[in-house]
Amino acid sequence: MKNQSVIIIGAGIAGLATAIRLRAQGLEVSVYEANSYPGGKLTAFSEKGYRFDMGPSLFTMPQFLEDLFKVANVDMSNYFQYKKKEVVCNYFYEDGTTFSAVADEKEFAKNAESTFNIQAEDLETYFKQSKRKYDLTASLFLEKSLHKFSTYFSKDTLKAVFNVGSLDIDTTLDAYNSKMLKDERLVQFFNRFATYNGSSPYQTPGIMSMIPHLEQYFGTYFPKGGMHSITMSLFQLAKDIGVDFHFNTKVERILADKNIAVGIQINGDKVLSDIVVSNSDIVPTYRKLLKDHKAPEKILNQPRSSSALIFYWGIKKEFTQLDLHNIFFSEDYKTEFDYIFNRKEVHSDPTVYINITSKDEKGDAPDGCENWFTMINVPSNTGQDWDEIIRQARENIIKKLSRGLNEDISELIEFEAILDPRTIESKTQSYQGALYGASSNNKYAAFLRHPNFKSSIKNLYFCGGSVHPGGGIPLCLLSGKIVSDLIAKTN
Ligand code: FAD
């Protein structure tokens with residue numbers, strides 16, 4: 001396999017992870033990126049004394065990042081450092097309830113008992129069930145290709161199949177949570193985890209109740225320097241081990257000869273390689289880069305995950321009741337999701353998430369100020385009037401936060417920038433600006449994600465949030481592992 005050449009299309013987090021793994025396997029790796037910078041959605045900007053992470057803000061499962069430094073045989077601490085968060089997230093409800101979710105599971109259950117109508121033991125049972133679901137399915141659904149026969153002939157698969165009846169696949173997450181937790185505020189709390197893969201708790205299956213396990217058991221972390229340091233550390237590592245990068249270079253075509261990938265086309269010129277990996281969203285990969293090949297329409301036409309509308313606000317005040325992660329819940333969660341996934345509109349009372357990195361990284365805002373990444377979930381871009389949606393949402397968010405914080409926050413905003421589904425799409429090529437590729441709003445969703453390889457074109461592979469195993473940093477990093485394992489086996 002050594003000396004084989006591979007081209008990776010896109011320097012998103014999955015493209016970087018795949019590049020590092022393949023280079024560590026001895027391949028000659030070149031990455032072609034349309035933007036002038038690496039990271040795709042995981043990027044950042046600074047203005048007027050404020051620094052903002054633009055995309056992902058929640059960092060879980062750092063072990064998948066650590067693995068990349070291990071395979072490259074370098075000491076991670078020279079590149080990347082992070083700390084565990086003791087307070088995971090602060091929650092604010094419209095009825096005045098506030099709840100601070102802490103990392104320690106027992107303390108979490110005890111605090112929940114004094115805030116909600118629940119016994120600590122019932123919550124511990126909930127977390128045990130989450131863990132059980134994760135342990136039964138992770139190696140099958142997350143760590144291997146779902147599309148190779150060998151995956152199904154393993155002890156883990158037999159165990160998962162044997163236990164399928166207890167994975168709550170045939171019920172929705174909301175129905176499962178309502179049965180287990182009863183108190184509506186707590187149901188809303190655990191329903192929110194559906195948004196971690198851009199889905200609706202009223203449609204996604206109950207097996208998604210494994211997601212709280214990732215946050216509660218594996219923990220949440222803050223990278224020194226903010227989320228962008230994940231991108232920059234992987235980029236530096238890739239360069240240090242000899243990956244070759246080409247920025248401002250949009251790939252136009254994937255070239256195949258007799259159904260074997262042979263390279264790419266850039267500005268009309270051919271660049272040849274033995275292997276091609278696309279980190280571009282799977283829809284434009286087919287519609288633009290593989291125009292002459294039959295597209296898997298059923299997979300490409302899956303409904304998209306939610307997108308996001310973000311106001312990056314420089315706030316000239318500090319709020320002691322806020323932490324790194326904060327949620328201001330909508331009063332009517334069901335209607336909010338009906339707007340996003342059925343009407344494809346934005347509800348007038350959206351759930352608002354505020355991420356404030358200056359809580360952990362003082363230099364991210366001027367003295368006495370805070371950098372608010374203020375986000376609501378919105379539908380993917382199907383041609384809505386976004387300028388009008390943004391105008392209304394801004395008004396509604398300011399009213400809601402002013403109510404929740406007992407202070408007119410409109411007076412405090414001294415800097416503003418905005419990201420919406422249109423700009424997410426134009427900056428990263430993500431189809432309809434979806435954050436996580438297709439949504440997981442039905443029980444077959446895992447099987448309807450595109451495989452990490454193409455059976456009809458040898459030596460062509462796919463990584464990233466729109467293919468198996470899914471979106472979000474941990475799964476994108478795992479897609480890089482699956483692709484490099486497949487390449488190692490084939491070559
Ligand atoms: P991308 O980041 O989309 O990168 C793809 C890259 O490929 C881009 O740089 C693009 O320019 C390049 N490219 C595409 N086509 C071409 C071409 N033809 N030629 C050259 N280059 C090309 N995840 C979490 O884990 N936690 C979170 O808290 C979280 N919050 C999020 C909030 C927001 C606002 C957003 C936008 C995303 C969030 N996510 C979160 C999701 C996470 O960011 C993504 O799942 C992940 O970053 C996707 O990485 P990727 O490598 O698949 O693709």
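Helices in these legends are DSSP runs of H or I with at least four residues, numbered from the N terminus. Every view below shows a predicted model.

**Figure 1. The shell around the ligand.** Let's start with the ligand, which has 35 residues around it. Glu-33, Lys-41, Gly-465, Gly-472 and Ile-473 are the closest of them. Three helices, α1 (13–24), α15 (421–428) and α16 (473–490), each bring at least two residues to this shell. Which of the helices gives the most to the shell? That is α16, with three residues. Sorted by class, the shell holds 17 polar, 14 nonpolar and four charged residues.

**Figure 2. Polar contacts and cover of the ligand.** This view picks out Asn-35, Ser-57 and Leu-58, each with a polar atom that lies within 3.5 Å of an oxygen atom of the ligand. For Asn-35, the partner is a polar side-chain atom, 3.3 Å from a ligand oxygen. Ser-57 takes part through its backbone instead, where a polar atom is 3.1 Å from an oxygen atom of the ligand. Leu-58 also uses its backbone, with an N or O atom placed 3.0 Å from a ligand oxygen. How much of the ligand's accessible area does the protein cover? On its own the ligand has 1,000 Å² of accessible area, and the protein covers 95% of that.

**Figure 3. A three-stranded open sheet.** Now follow the strands across the sheet: they come in the order β5-β9-β6, with antiparallel pairing. The edges are formed by β5 (59–60) and β6 (82–84), and each of these two pairs on one side only. Between β6 and β9 (residues 220–223) there are three bridges, and the two strands run antiparallel. To find your place in this view, look for Lys-84, which stands opposite Tyr-221 of β9.

**Figure 4. The second largest pocket.** This pocket holds about 300 Å³ of space. It is lined by 17 residues, and those closest to its centre are Glu-184, Arg-185, Gln-188, Glu-331 and Tyr-333. The helices α7 (173–181), α8 (184–191) and α13 (333–343) each add at least two residues to the lining. With five residues, α8 gives the most. What is the make-up of the lining by class? Eight of its residues are charged, five are nonpolar and four are polar.

**Figure 5. The largest cavity.** The model has one cavity of 30 Å³ or more, and the largest cavity has a volume of about 40 Å³. Ile-282, Ile-299, Gln-302, Arg-304, Ala-438, Leu-448, Arg-449, His-450 and Ser-466 form its lining. By class, these comprise four nonpolar, three polar and two charged residues.

**Figure 6. Two backbone features in loops.** A quick reminder helps with this last view: most residues other than glycine have a negative phi, and most peptide bonds are trans. Lys-48 is not a glycine, yet its phi is positive, at about 50 degrees. Where does Lys-48 sit? Look in the loop between β3 (44–47) and β4 (50–53). The second feature is the peptide bond from His-468 to Pro-469, which is cis, with omega near 0 degrees. You will find Pro-469 in the loop between β20 (460–462) and α16, the helix that gives the most to the shell around the ligand.

Methods. Residues are numbered from 1 along each chain as its sequence is written. This is a predicted model: local features need pLDDT of at least 70, side-chain atom pairs count only at pLDDT 80 or more; totals for chains, interfaces and linings use all residues. Side-chain values use heavy atoms; hydrogens and water are left out. On a 1 Å grid over the protein atoms alone, a cavity is a set of points where a 1.4 Å probe fits but cannot get out, and a pocket is an open set with protein on both sides within 12 Å along at least five of seven lines; lining residues have an atom within 4 Å of a point. Grid points are joined across faces, edges and corners, and a volume is the space filled by probe spheres set on the points. Ala, Val, Leu, Ile, Met, Phe, Trp, Tyr, Cys and Pro count as nonpolar, Asp, Glu, Lys and Arg as charged, and the others, Gly among them, as polar. Two strands pair if DSSP finds at least two bridges between them. A residue is near a molecule or strand if one of its heavy atoms lies within 4 Å of it. A polar contact is a pair of N or O atoms within 3.5 Å; within protein, one must be able to donate a hydrogen and the other to accept it, and residues adjacent in sequence count only if both atoms are side-chain atoms. Accessible areas come from the Shrake-Rupley method with a 1.4 Å probe; for residues, only the protein chains shown count as cover.
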